[in-house]
Amino acid sequence: MRYDISRRWPKILAKRLGDSYYIIEEGLKSRTIISDDPRPGKEGRSGHNYLLPCLDSHDPLDLVIVMLGTNELKVIYNKTAEEIGIMLEQKIIKPILTRKFENAPNPKVLILAPPKVDGKLASKKFANKYDETATEKSAKLEKIYNNIAQRNGCHFLSALNLGVGDDGVHLTEESHKELSDRVYDKIKEIFK
């Protein structure tokens, strides 16, 4: 379920951080790392294709928070957790770290491991777009993403154990609050 903007973790985070921070929310339903969603009306969901113009439009940036990978778990894309990690590192993280920004040095990067998908619930709610392997694959992303962060000098935070709703994929309202708390603490640690 997608909550209205005031109940999603970026807006909750922005309110808590106050006026000395400016949070830009770039979340999009069905966004992938690189895969093209074949459904009509879902064109342009590749995070890789969107990334550089987005970074350029918001330059300068102090921190980029990345939480991608859940949609790559869909049956149609047939990806392993390891393949998802490679895509994230090569197509999202490295481009952020190597981009030549005009107005400031490269931003710091915080990689968020997404919550664990409940494949059984997700396969029912989303008409078999996910299957039960999504649970195991999403759990593996935590270690894979942590390793990516360490290799690339990025920061890491896990949302793996945050609760998902009855669709098996999206954070509950309470989990949005919890994630905003965790990211708040991490930001204060990064910029102390």
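This passage describes a three-stranded sheet, a helix that lies across it and selected side-chain contacts in a predicted model. Local features need pLDDT of at least 70 and side-chain atom pairs pLDDT 80 or more, whereas totals for chains, interfaces and linings use all residues. Residues are numbered from 1 along each chain as its sequence is written, and side-chain values use heavy atoms, without hydrogens and water.

The sheet is open and has three strands in the order β1-β2-β3, with parallel pairing. Strands are DSSP runs of E with at least two residues, helices runs of H or I with at least four, both numbered from the N terminus. Two strands pair if DSSP finds at least two bridges between them. β1 (63–66) and β3 (155–158) are the edge strands; each has a single partner, so one side of each lacks a neighbour in the sheet. Neighbouring strands are turned by 20° against each other on average, direction ignored. Strand β2 (residues 108–113) pairs with β3 in the parallel sense over four bridges. Ser158 in β3 is the bridge partner of Ala113.

Helix α5 (residues 133–152) lies across β2 and β3 and runs at about 170° to β2. Axes are lines fitted to C-alpha atoms, for helices over the stretch in contact (heavy atoms within 4.5 Å). Angles run from 0 to 180 degrees between N-to-C directions.

Arg8 is found in the segment before α1 (9–17). Its relative accessibility is 12%, so Arg8 counts as buried (under 20% relative accessible area, 1.4 Å probe, protein chains only). A polar atom of the Arg8 side chain lies 2.6 Å from the backbone oxygen of Tyr3.

Definitions and conventions: Buried < 20%, exposed > 50% of the residue type's maximum accessible area, 1.4 Å probe, protein only. Polar contact = N/O pair within 3.5 Å; in protein donor to acceptor, adjacent residues only side chain to side chain.
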